[in-house]
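Got the viewer open? Let's take a walk through the model, one selection at a time.

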Amino acid sequence: MQTTDIGSKEDGKVWHRKPNPSVSNGIIASVRSNTHQNKTVRFLHVAFDTTGESFLAGDHHGNIYVFDIIRNRFRLVQKTGQACTALAFSLRRTTEFLVALADYSIKCFDKDTKQLVSWMRGHEGAVSSISIHSSGRYAITTSSDTAQLWDLDTFQRKRKLNIRQSVGIQRVFFLPLSNTIISCFNDGSIFAWESDTLFCKYQLSAPQDGPKIHYKAFAVTRDGKTLAAGGRANLLHLWCLESRQLMRVVQMPPRVRTVRQLEFVPDSFDGGSSQVLGVLSQDGIMRFINIQSFKQLFEIGSIDNAITTLAICPKGRHIVAVMDSGALNIYSVQALTQEVNKPPQPLVKVVSQGSTSDSSGMLVKVRSGTVQRPRTSGRRVPAKVLRPAAGITGDEKENDLPGGLNKKRLLGLLKAFGEYPAKYRMFLWRSLLQLPENHAAFSSLVEKGVHPAFLTLQERYPIKSQKLQRGLQRLLSALAHWSAIFGETDYLPLVAFPFAKLFQNNPLICFEVVATVIVNWCQHWFEYFPNPPLNVLSLVENVLAHHDKELLQHLVDCRITSQLYVWPLLETLFSEVLTRDEWLRLFDNVFSNPPAFLLFAAAAYVTCCRAQLLALTFRDDFEYFFHHRNNFDIDGMIKEAYRLMEATPAEVHPRSALSDLEPLLRGQYPVFNKYPTFIVEYQSQERERIRQQEAQYLQERQALALLRAEAVRQQAEEEAWCAQQELLQQAETQRRLLLQQEEAKLAQQRSKLAAMKRELKLKELQLVDATRRRFLQHQQGQCRVQLQRLDDEIHRKMALRDQETAAAVQDIEVRQMELDAKRRLFEQQLAKEQVRVNQEVEVELGAHRHRAELEETAFRDMLHTVTDLAQDTKRVLEESLAEASLHEVDHDWQMEVLKRLERAGADQERQQQLLAQMTRETRAKEEELVKLMMDMEARKWEEVVSQQTQMEEAKRKKKEQSAVPLEALREDHIFQGGLHAEQQEYLRSHRQGEMHSEPREESPPSPCPTRDPGCRPRSAPTQSSDTPVSPCPTRDPGWRPRSPPTQPSDTPVSPCPTRDPGCRPRSAPTQPNDTPVCLNNQSPSESSTPFSLDRGRAALDCGERELMKEVMELRQKLARAKAGNSSTYSSSTISQ
């Protein structure tokens, strides 16, 4: 085994002598990286390209190497400065690759130019994997918290998958040859999505009956039909993605406890359905098994020299493993085993029983086969702790250029060091020129193919490198398709060649750089087409005349014009007179300054070669001088250009004729039409005419050549035919002799063959007879076995039936005993319930008797109380009647005084009339209100009377006798005193109406004087047709009577005259006859209106309070009336 230490080398050979993998256990070479202090720089990740001929490797210092196995070369392509976490090398542009870094960003580099193509950010955690679509246009980057879909043409993020913090992402990747995305999460769920619409196509559900695997590793075959998954167990799940079912559960050897990585080994014979699966376990050993025979084929790695990760070539030829020591081991699959390269097994297989499958038929165990274990030295290199890369300081806040660059600072650095660093030159140029990178527009130009003007470019400008020749032709064709002038410009290949060689692996950047140079630094070059730009050459000649008149005079004397000493420099952009490094340094300054700097550089080149030019006198010498390299100092020339640019006055300064830098537009390239179109069109037409004539001439020439060739061919064919006829005649005679001999031999062979057929037929008949006899014996044996099986089945069923019958009988007996026990228990519960009910009835009867005795005692006490209250009320009412009579006399006298006052003066009469009119209006409104209230009251009384009548009739039918409530007696006593007060109030109101000469035809019943509008009175009793109904004499207009109880026809009823506003009386009970009813004679079941002693006492108290309140209010009204009469009398006296 060869070991290569790349150390601090940037390129070299991977191995120095021809490797022999079969001797070194399949290892082609082992690559290590040691520093000068003998410290090992550990490799972290590897990734193959699409061809499988080269692979990338990144170490923890941030160095990215490209190893070419076919050419036996390695090369350092990038230094990122920080450890990489993932790599991808299968992009559509084969020279570009993706690197995920420790700062959670992803960068795209070009391995040939070593330039930074793009920088993608968006992850908040370390990127663990990068998956590339089969077309190479899209990439999926996965971290623990999110997965993001990127467009590799624009390097823009298209989609982002966010999840809850409790469920982390394990891995997200593309399926080969499809647009399906597989996402795997930490909870073991697997989902399939459509990459264009992100529509969930299906979900793979892990089996619930087996142990939990907790998927950590996944692998898919090249045809995208089989998915292998493994995790924290020695089991592997094989899914069929077409049927979306679990095909097999593979059990690895007991030494495997955890699966860290899975990889399928591709094969050219399997059509994409790989049969060999590599399983990397926790012990660092990669075991390769066949998923059809479930046999372990070989393994690589060991416990002493464990593998951390690996990558397999897409062609299945090589395996690159990153060892635990930090080294890279390159294996040859062909040398490891011959099992992988065998053709696939036949489709017809014999099914045999095995002991490796479980009851479900899905679990299979991996059998150990012939295993090749590479020998190790036994020495293990200790692992080293990764240190974070040093932080990079930020640029200044004011950035004039994309990428955070400042043009003034760059110019200062350029003047100080003379050139830009080679590592960052391309990046700085792209930033200075502000390239838009219009991929779509450039693709449309390239798709138009090779322009007719450059079909013979190789004949005019032969280039040794075919790749560079094709790149230059593609660049010039794109420029010609962009603008027609470039297809007619002869010197365009000279302008574009240095850029085509410099940007050989990035045609888009090359095209945009050349286009930017033409638009800005080649201003006014095409105005005198097809002649050189005399206006631009005159600008340089003016500068030269101002700064070096002697040199210019010498050139004029030698008849050397600016077309000879300036135009050769400009049309080749100094590429003929400068070396590569000098040209790069010059254009570092050209791109960092305005477009006029290129003209100053041409003038500086002439002045720097002043001594040599002064020594020349012949035209040929001048031509040779300006078309070949000369010995001069490039730094001095650049300094001279800066001096000329600063010292040139404004009237001859080229910047007055040239505009500043104008970058290309984004999306589409600008229209370039700064040239004489008629000349270009004429030349295009002429060239097309000449091309058609040449094509016609070539067609005629080709047709003539074909005719000559056809004539020669026909003559040769005729001569050959004659010779062939002679040979045929000779051969015919020889064949006849041979046929005769062969016929004789054939007759002998036929006789022998007939004898052999007879023998074979006899043997065949014997074999058929023996086979028939064996078959009959076999049939008889099967019949005997079948009969014996049927007898055993009959006996078994009979025994089973007897057992079932006995068990049924026992179940019936047990059920009968359960029913008897339940019946006895139910009877016992019924007896207990009867005793409880009897006890409750006895308790209720005792309580009812006690309650009846208490109510009878309370009734007697209440009768005495009602009698005393009635006498007091009668006395008070008599006093009130006397006072009312006195007030009546006073009212008569006041009426006489008012009549005299009416006759006294006309003014008082008008006032009285106005007052009377207002009074009439008021009274009319009051009458309307009273009538409305009476109508409403009458309607309500009718409804209540009808309802109570129905209720009483129903009760009368059920009861034989009814009770006489205590409240009816109280109402009789109160009515006797309240009737006088009602009559007096009615007379007083009638007299007042006569005083105002406004008698009313019908006086409504007076409302209760002591009730307020908020009082809700009790219902008035129902009376017969000949009994007048008088409402409460002390009620106000807002009083609303309640439903009256039913009364006999000869009993007048008066509402309570002393009720207060807070009292809500109840309805009076029905009294159909005068027969007293004893409360003790009523049972709880017969009486529908039981008498409550507490409620009766509360009613008496309420009645007493109302009576006292109304007496007090009546006295206050009498006092106010006296005061009013006295004041009226005094006023009348004064008026008289």
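Start by selecting strand β18 (190-194) and strand β19 (residues 200-204): β18 and β19 pair in the antiparallel sense over four bridges. Helices here are DSSP runs of H or I with at least four residues, strands are runs of E with at least two, and both are numbered from the N terminus. Two strands count as paired if DSSP finds at least two bridges between them. Show I190 and you'll find L204 of β19 standing opposite. The two strands make a hairpin with five residues between them, and L198 in the turn has a positive phi of about 55°. For background, most residues other than glycine have a negative phi.

A note on what you're looking at: this is a predicted model, where local features need pLDDT of at least 70 and side-chain atom pairs count only at pLDDT 80 or more, while totals for chains, interfaces and linings use all residues. Residues are numbered from 1 along each chain as its sequence is written, and side-chain values use heavy atoms, with hydrogens and water left out.

Now add strand β17 (residues 180-185). Five bridges join β17 to β18, and these two run antiparallel. Pick I182 and look across to A192, its bridge partner in β18. This hairpin has four residues between its strands, and G188 takes a positive phi near 90°.

Next, jump to the start of the chain and select strand β1 (residues 2-5). Which residues of β1 are on the covered face, and which on the uncovered one? Q2 and T4 are on the covered face, T3 and D5 on the uncovered one. Bring in strand β3 (residues 27-32): four bridges join β3 to β1, and the pair is parallel. D5 stands opposite R32 of β3.

Stay in this part of the sequence and colour five strands in the order β2-β7-β6-β5-β4. They form an open sheet with antiparallel pairing. At its edges stand β2 (11-12) and β4 (43-48), each with a single partner strand, so one side of each has no neighbour in the sheet. Zoom in on β4 and strand β5 (residues 54-59), which pair antiparallel over five bridges. There, H45 has G58 in β5 as its bridge partner.

Zoom out for a moment. How many helices and strands does the protein chain have? The secondary structure comes to 21 helices and 31 strands. Of the 1136 residues in the chain, 41% count as buried, where buried means under 20% relative accessible area, exposed means over 50%, and partly exposed lies in between (1.4 Å probe, protein chains only). Take contacts between residues at least 6 apart in sequence: 61% of them join residues at least 24 apart. Contact means heavy atoms within 4.5 Å.

On to the helices. Select R425, which lies in helix α3 (residues 425-433). Is R425 buried or exposed? At 5% relative accessibility, R425 counts as buried. Setting aside neighbours within four places in sequence, R425 is in contact with E419, Y420, L584 and D588.

Move along to H524, in the loop between α8 (507-520) and α9. H524 is not a glycine, yet its phi is positive, about 65°. H524 is partly exposed, with a relative accessible area of 29%.

Now show helix α9 (residues 534-547) with helix α10 (residues 549-557). Their axes come within 6 Å and cross at roughly 125°. That makes α9 oblique to α10. Axes are lines fitted to C-alpha atoms, for helices over the stretch in contact, and angles run from 0 to 180 degrees between N-to-C directions. Under 35 degrees counts as roughly parallel, over 145 as roughly antiparallel, 65 to 115 as roughly perpendicular, and the rest as oblique. Turn on side chains: E541, L544, A545 and H547 in α9 meet K549, L551, L552 and L555 in α10.

After α10, click R559, in the loop between α10 and α11 (562-565). Here is another non-glycine residue with a positive phi, near 60°. R559 is exposed, with a relative accessible area of 72%.

Last stop: helix α14 (residues 597-608). Its twelve residues reach 16 Å from the first C-alpha to the last, close to the 16 Å expected at 1.5 Å a residue; the expected span is 1.5 Å times one less than the number of residues. Eleven of the twelve residues are buried, among them F597, F600, Y605 and T607.
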